[in-house]
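Trainee: I am new to this structure and would be grateful for a close look at one part of it. Please take the charged side chains and their surroundings.

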Amino acid sequence: MASSAACTDPDHESSEPASPAPAVCEPGEVEEGYTALFDGTQASLDAWNQAGPGSVELQEDCTALTTGGMGLLWFPEEFESYSLRLDWMMAGDDNSGVFVGFPDPADDPWIAVNEGYEIQIDATDERDRTTGAIYTFQGADEETRDEALNPPGEWNAVEIVVDDPIIEVYLNDVLVNSFESTDPARDLSSGYIGLQNHGDGDDVSFRNVRIAENDDDGPGTVGEPRPSDGEQARSGLAEIAYRSDGRWPMPRV
């Protein structure tokens with residue numbers, strides 16, 4: 001399990017009470033096989049690009065908070081088959097999402113909306129537009145999602161496994177959505193990932209964003225054969241849910 005970035009305040013020489021100095025954030029550790037994309041440091045956040053209005057800003061607790069919008073913070077590297085993990089938290093009835101599988105948006109966040117898929121973060125909306133849904137395409141399993149979901153003010157861990165044409169969404173280690181893409185306008189074989197800043201008043205925090213690309217020759221990959229019945233428990237959590245083609249997602253640690 002990834003650890004959060006360490007955060008300390010720098011010493012102040014001045015006695016002026018004006019504005020507090022920014023936090024000094026040290027990168028957190030990530031699981032073996034994963035690469036940090038946002039590790040709580042300003043340097044890692046600066047590696048992303050902002051498309052459209054608003055921003056995602058580093059906070060004193062070394063998390064990233066969405067501001068304004070509607071915009072998209074996207075990472076400028078394409079990924080193919082992968083496991084994307086991150087934590088998010090909302091204060092109340094807020095709105096955001098994690099986008100996958102979209103082409104280079106340049107400065108247009110609507111490219112991700114129209115040519116990628118959004119894994120929704122939203123407490124209240126239609127079934128196909130609430131947390132865990134593939135936005136407007138397929139809602140999460142509501143009963144399973146509601147049991148797994150932590151309330152506003154608490155962190156939720158999400159894992160998104162992308163292996164064309166499948167997207168699987170895990171919320172706090174529980175599979176809540178398994179979706180197969182059939183839209184010819186969207187291509188999951190390769191694409192970018194992004195975090196949405198939805199608009200004023202939609203305050204969603206992110207931390208520990210990391211990714212592992214799948215290696216068909218290595219252990220614990222999306223393409224790995226189905227394990228035996230005795231191997232179906234993960235860390236004492238629910239049983240593994242298998243895809244219809246018999247392949248299974250990357251194990252979580």
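Which residues are linked in a network of salt bridges?

Mentor: The model before us is a predicted one. The network of salt bridges links Glu31, Arg85, Glu159 and Arg210. A search of the whole structure finds eight salt bridges, and several others deserve attention.

Aspartate 87 pairs with arginine 207 in a salt bridge whose closest N and O atoms are 3.0 Å apart. This pair links distant parts of the chain, since aspartate 87 belongs to strand S8 and arginine 207 to strand S15 (residues 204-213), 120 residues apart. Aspartate 87 has a relative accessible area of 9% and is therefore buried, the limit being under 20%.

A second pair is formed by glutamate 142 and arginine 127, with 3.5 Å between the closest N and O atoms. Glutamate 142 lies in helix H3 (residues 142-148) and arginine 127 in the loop between S10 and H3, so this salt bridge ties together parts that are 15 residues apart in sequence. Both partners are partly exposed: glutamate 142 has 37% relative accessibility, and arginine 127 has a relative accessible area of 44%.

In a third pair, arginine 145 and aspartate 146 meet at 2.7 Å, N to O. Here arginine 145 is buried, at 6%, whereas aspartate 146 is partly exposed, at 47%.

Aspartate 122, in strand S10 (residues 117-122), offers a contrasting case. This residue is buried yet has no salt bridge, and the nearest side chain of opposite charge, that of arginine 129, is 8.7 Å away. The side chain of aspartate 122 does make a polar contact of 3.3 Å with the side chain of asparagine 95. In addition, a polar atom of the aspartate 122 side chain lies 3.3 Å from the backbone nitrogen of threonine 124. Beyond its neighbours within four places in sequence, aspartate 122 is in contact with residues including Met90, Asp93 and Thr130.

Strand S8 leads from the charged residues to the nonpolar ones. In soluble globular proteins, nonpolar side chains tend to be buried together. The largest nonpolar core here has 37 residues, and Leu84, Val100, Ile167 and Ile193 have the most contacts inside it. Strand S8 (residues 82-90) supplies the largest share of this core, five residues. Another core, of seven residues, lies apart from it and has Ala51, Phe99, Ala112 and Tyr192 among its members. Leaving aside neighbours within four places in sequence, leucine 84 is in contact with residues including Leu37, Val98 and Ile193. Glu159 and Arg210 are also among the contacts of leucine 84, and both belong to the network of salt bridges.

Terms used. Residues are numbered from 1 along each chain as its sequence is written. This is a predicted model: local features need pLDDT of at least 70, side-chain atom pairs count only at pLDDT 80 or more; totals for chains, interfaces and linings use all residues. Side-chain values use heavy atoms; hydrogens and water are left out. Helices (H or I, at least four residues) and strands (E, at least two) are DSSP runs, numbered from the N terminus. Buried means under 20% relative accessible area, exposed over 50%, partly exposed in between (1.4 Å probe, protein chains only). Lys and Arg count as positive and Asp and Glu as negative; His and the chain ends are not counted. A salt bridge is a side-chain nitrogen of Lys or Arg within 4 Å of a carboxyl oxygen of Asp or Glu. A polar contact is a pair of N or O atoms within 3.5 Å; within protein, one must be able to donate a hydrogen and the other to accept it, and residues adjacent in sequence count only if both atoms are side-chain atoms. Contact means heavy atoms within 4.5 Å. A nonpolar core is a set of buried Ala, Val, Leu, Ile, Met, Phe, Trp, Tyr and Cys residues joined through side-chain atoms within 4.5 Å.
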